[in-house]
Amino acid sequence: MSTTNITIRMDSELKKQAEELFSDLGLSMTAAFTVFAKQAVREQRIPFELTRDVPNAETLAAIAEVGEMKKNPDKYKGYTDIDEMMRDILS
């Protein structure tokens, strides 16, 4: 079977992390991408679920809370001094 070269562009930090992971799994970058391609061809799909990065319920609640605070700033205490804020938090 003949082989061919493929050039892939990615963030250098992502490449480093992927190489470390694949190495821990006993794979080279080439072997890992070959496994991915073979699985995709076999299944005729991307072999994992692709989803949007949707915030979880806790994050959505925090976002809503910040929105409420922006709408009604008089209901909430603000700080310009970190020491005062820490005293309030720790008391």
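Lysine 77 is a good place to start: its relative accessible area is 51%, so this residue counts as exposed, the cut-off for that label being over 50%. Please keep in mind from here on that the model is a predicted one. The side chain of lysine 77 meets that of aspartate 88 in a salt bridge, with N to O at 2.9 Å. Lysine 77 sits in the loop between helix H3 (57–71) and helix H4 (82–90), while aspartate 88 belongs to helix H4, so the pair ties together parts that are eleven residues apart in sequence. The partner, aspartate 88, is partly exposed, because its relative accessible area is 33%. Nor does the pair stand alone, as Lys77, Glu84 and Asp88 are linked in a network of salt bridges.

Side chains of opposite charge can pair when their charged atoms come close. Across the whole structure, a search finds six salt bridges. Let us look at two others. Glutamate 68 pairs with lysine 75, and here the closest N and O atoms are 3.9 Å apart. That still counts, because a salt bridge is defined by a nitrogen within 4 Å of a carboxyl oxygen. Glutamate 68 has a relative accessible area of 31% and is therefore partly exposed, whereas lysine 75, at 61%, counts as exposed.

The other pair joins glutamate 43 to arginine 45, whose side chains meet in a salt bridge at 3.0 Å, N to O. Both residues are partly exposed: glutamate 43 has a relative accessibility of 29%, and arginine 45 has a relative accessible area of 47%. What is notable about phi of glutamine 44? The angle is near 60°, a positive value in a residue other than glycine. Glutamine 44 lies in the loop between H2 and H3, and with a relative accessible area of 65% this residue is exposed.

Now follow the chain back into helix H2, which covers residues 29–43 and holds phenylalanine 36. Is phenylalanine 36 buried or partly exposed? Its relative accessibility is 32%, so partly exposed is the answer. Phe36 is also one member of a nonpolar patch on the surface, which includes Ile6, Ile8, Met10, Leu14 and Phe33 as well. Ile46, Phe48 and Leu50 belong to the patch too, and its members together have about 840 Å² of accessible area.

Helix H2 leads us on to the largest pocket, which has a volume of about 600 Å³. Of the 14 residues that line this pocket, Thr4, Ile6, Thr30, Phe33 and Thr34 are the closest to its centre. Which element gives the most to the lining of the largest pocket? H2 does, contributing six residues. Sorted by class, the lining comprises seven nonpolar, five polar and two charged residues. Ile6 and Phe33 deserve a second look here, since they appear among the residues closest to the pocket centre and also in the nonpolar surface patch.

We can finish at the start of the chain. Methionine 1 is found in the segment before helix H1 (12–24). This residue is exposed, because its relative accessible area is 99%. Serine 28 is 27 residues away from methionine 1 along the chain, and the C-alpha atoms of the two are separated by 19 Å.

Key: Residues numbered from 1 in each chain as written. Predicted model: local features only at pLDDT ≥ 70, side-chain atom pairs only at ≥ 80, totals over all residues. Heavy atoms only, no water. Patch = residues over 30% accessible without salt bridge, like charges linked within 9 Å, V, L, I, M, F, W, Y side chains within 5 Å. Areas by Shrake-Rupley, 256 points an atom, 1.4 Å probe, with all protein chains shown as cover. Helix = DSSP H or I, 4+ residues; strand = E, 2+ residues; numbered from the N terminus. Buried < 20%, exposed > 50% of the residue type's maximum accessible area, 1.4 Å probe, protein only. 1 Å grid on protein atoms, 1.4 Å probe; cavity = no way out; pocket = protein on both sides within 12 Å on 5 of 7 lines; lining within 4 Å. Points joined across faces, edges and corners; volume = space filled by probe spheres on them. Nonpolar A, V, L, I, M, F, W, Y, C, P; charged D, E, K, R; others polar.
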